[in-house]
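Biologist: I'm new to this one. Could you show me how to read it?

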Amino acid sequence: MIIIMKRNASDTQVNNVVARVEQRGCHVHLSEGEERVIIGVVGNGRPIDPVQFERMSGVERAVPVLRPFKLASREFHPQDTIVKINGVSVGGKELVVMAGPCAVEDRDQILEAAHAVKGAGAKALRGGAFKPRTSPYSFQGLGTEGLKLLAAAREETGLPVVTEVMAPEMVPLVSTYADILQIGARNMQNYALLHAVGEAQRPVLLKRGMMSTMEELLMAAEYILSHGNDRVILCERGIRTFEPYTRNTIDINAVPLLKILTHLPVIVDPSHGTGKRELVAPVSRAAVAAGADGLIIEVHPHPEEAMSDGAQSLRPEQFRELMDGLQRVAEAVDRTL
Ligand code: PEP
Ligand code: MN
């Protein structure tokens, strides 16, 4: 960080800033120009919040040189992180497709979905047991019963399961059944929840908030990493724009940009990203072409009867076609499926 002092800053003001920098365990590199003093802060490896210096008298600006996220940054960890989950690796050469219904609805539905997606080549089963719904009158998920059904589907198919956890106090319960803890878009900045999953012994699928910047997403990942959990998978699931034809707008930029900024694996959710079944396959192909490490896709045995997100859910045969079509795109970008 560089601290630029005001033109008329006194020696005392400069000395106070220097003292505070040293208090924070950093060294100072002083540059006394004709017009003003510039203080270079040589860090101790931890990012420093510039605001604490900007408030000091005599300071004009404090400019961070390093990115505010460290553990998530590519500079800190140049090689790609591969997140391993019960025999499945996310972030390597092989693409990982997670698929299943928006919500677990009953035993037959989740088992049928699990067998169908496995047959088509999915590597993990998704399904919400606790659902974050806009309306309190909408189906809220089966709760613990849904978790048990997911575990039964894993038992039958061998697929690891990914499911959302909505509150810090629910992390132990959801971790008992789930292989991957999903943080939903609405909770991306729930810092108590990020802290809790940071201490959990399960990988985390962190979805981008619907109005979040790349930096906010990476700072959310930083919370999880800084609490000791290094198994974080990022998910671009579309952001809210002015376009009403689609539910959200997939930010395809996010994929190659995140691959530059961070070492963490990046997957795309074309189901929530578009809200429309007919857009899911083409957007999946775009995501893989852009460098995504995988996809998470909603598939329902009978989408017309789905209790949530039926309009964006694929029928099993459509999912199979999607997987077939993805094969050639994967080869074109030197990935396997
Ligand atoms: C979901 O995966 O079903 C979901 C609610 O996603 P998001 O948090 O991205 O809206
Ligand atoms: Mn959904």
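Biologist: What spacing do the donors of the manganese ion (ligand 2) follow along the chain?

Modeller: Donors are N, O and S atoms within 2.8 Å of the metal (3.2 Å for Na, K and Ca), and water is not among the atoms, so sites may look incomplete. Here the spacing is C-x169-H-x25-E-x10-D. The protein donors are Cys102 (SG), His272 (NE2), Glu298 (OE) and Asp309 (OD), 2.0 to 2.4 Å from the ion. This is a predicted model: local features need pLDDT of at least 70, side-chain atom pairs count only at pLDDT 80 or more, and totals for chains, interfaces and linings use all residues. Residues are numbered from 1 along each chain as its sequence is written, chains are lettered from A and ligands numbered from 1 in the order written, and side-chain values use heavy atoms, leaving out hydrogens and water.

Biologist: Are His272 and Glu298 buried or exposed?

Modeller: Buried means under 20% relative accessible area, exposed over 50%, partly exposed in between (1.4 Å probe, protein chains only). Both His272 and Glu298 are buried.

Biologist: How is the chain divided?

Modeller: Domain bounds come from an automatic or database domain assignment. Here we get domain 1 (2-63) and domain 2 (83-332), with 44 Å between their centres, taken over C-alpha atoms.

Biologist: Which residue classes make up the lining of the second largest pocket?

Modeller: Ala, Val, Leu, Ile, Met, Phe, Trp, Tyr, Cys and Pro count as nonpolar, Asp, Glu, Lys and Arg as charged, and the others, Gly among them, as polar. That lining has three nonpolar, five polar and nine charged residues.
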